[in-house]
Amino acid sequence: MALSHVYGRSDPSDALRTVNHAIDVGVTFIDTADVYGEPRPGSDGPAGTNEELIAEVLRHRRDEVQLATKFGITGRIGADTGGTSIRGDRDYVRSACEASLRRLGTDVIDLYYMHRRELDRPIEETVGAMAELVREGKIRHVGLSEVTGTELRLAAAVHPVAAVQSEWSIWSRDVERHVVPAAIEVGAGFVPYSPLGRGFLTGTLTRASVANSIRSGQPRFDQNFEANHAVVELVRSIAGEINATPAQTALAWLYSRGTRLGLPVVPIPGTRHAARVDENADSLTVALTNEQLTRLDSAVWLVMGDRNLTFNRPQWISAGRE
Ligand SMILES: NC(=O)c1ccc[n+]([C@@H]2O[C@H](COP(=O)([O-])OP(=O)(O)OC[C@H]3O[C@@H](n4cnc5c(N)ncnc54)[C@H](OP(=O)(O)O)[C@@H]3O)[C@@H](O)[C@H]2O)c1
């Protein structure tokens, strides 16, 4: 998602270089969605352009990666309220999957996510349609994004759920209340998205970089931007103690939090820059003491403003429906 459009532009050839570099250094998990990428002029459906970009890499390297994509958001993400329309009916799931397979140039998706739940539709119908796709060999595993604990249990009764993808980081911890315990219960792994707090936890964002992106107007980045630097200062001070960067410290905290809870976690940081891919991958070598983990745990009390990007619709994320 961060390769194109939402946090600032990038040149497609630079983006391709970054993804290829990530695979070169051992990254094996690619996360995209039908709705990611720059929308085509005149189109108001899922852009599909990020999947097409990823297809360029897959053409030569399909066997080197686990490929995840998502369906369900029918508009242009972040562009307007139209971006928050959702569909989860069987016909839509099937046609969205065919469209993603075509754009990605592959005959199977390793992990297919429901990106958002259509609130008036039983989740069993949507997951039932995904189960059909597994039986037909079009997808290998079922994933769910931004589901509540209750929704996850209902879904897992229809078909095993391999992974839950929701926002989780040092400053976004609401999933630990209901979603994480449900994931442990049903045996799903966790894929924390925005593990760097959409870049905020790295301490590199400025007011100008926020203004020109999807972060603009969101409570944590707008009126609370300065106050939330208390969180960055805490992360930065612990990073200094262990000779790591703030980004590496934030990622190491997530691995450790998953381990402490008994849950496999695979954070998916996004970046347009090859050097930052290396920096983020090196977080695997960063160790935090129990005392440092406890101090990082306390950062959540410093956060001002609700979890971001709900487009003024709290139900858009799991916490708004719990
Ligand atoms: N399921 C969902 O609803 C959902 C929602 C959001 C995201 N996602 C997925 O999660 C992925 C990651 O989320 P995200 O991009 O929102 O958030 P993120 O990984 O927390 O942050 C990305 C931002 O951090 C910056 N960054 C990355 N590494 C850095 C480093 N080492 N030092 C300084 N800055 C760094 C990037 O800027 P540069 O590009 O300039 O490096 C980018 O602006 C997305 O690509 C998408 O696949 C899923």
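# Exercises on a two-domain protein and its ligand

In this predicted model, 30 residues surround the ligand, and Y7, D31, L196, T271 and R276 are the closest.

**Exercise 1.** Determine which polar atoms of R116, P195 and E279 lie within 3.5 Å of a ligand atom.

*Solution.* Begin with R116: an N or O atom in its side chain is 2.9 Å from an oxygen atom of the ligand. Next, take P195, where a polar backbone atom lies 3.3 Å from an oxygen atom of the ligand. Finally, E279 places a polar side-chain atom 3.2 Å from a nitrogen atom of the ligand.

**Exercise 2.** State how the protein chain is divided and how many residues each domain gives to the contact.

*Solution.* The chain comprises domain 1, residues 1–145, and domain 2, residues 198–322. Their C-alpha centres are 24 Å apart. To the contact, domain 1 contributes 22 residues and domain 2 contributes 18 residues.

**Exercise 3.** Describe the interface of domain 1 and domain 2 by its buried area, its salt bridges and its polar contacts.

*Solution.* The size of an interface is often expressed as the accessible area lost when the parts come together. Here the two domains bury about 1900 Å² between them, with 66% of it on carbon and sulfur atoms. The rule finds zero salt bridges across this interface, but seven residue pairs in polar contact.

**Exercise 4.** Identify the elements that give two or more residues to the side of domain 1 that touches domain 2, and classify the residues of that side.

*Solution.* The elements are α1 (12–24) and β1 (29–31). The largest share, three residues, comes from α1. By class, the residues of this side are 11 nonpolar, seven polar and four charged.

Conventions. Residues numbered from 1 in each chain as written. Predicted model: local features only at pLDDT ≥ 70, side-chain atom pairs only at ≥ 80, totals over all residues. Heavy atoms only, no water. Domains from an automatic or database assignment. Contact = heavy atoms within 4.5 Å. Buried area = accessible area lost by both parts, 1.4 Å probe. Salt bridge = Lys/Arg side-chain N within 4 Å of Asp/Glu carboxyl O. Polar contact = N/O pair within 3.5 Å; in protein donor to acceptor, adjacent residues only side chain to side chain. Helix = DSSP H or I, 4+ residues; strand = E, 2+ residues; numbered from the N terminus. Nonpolar A, V, L, I, M, F, W, Y, C, P; charged D, E, K, R; others polar. Near = heavy atom within 4 Å.
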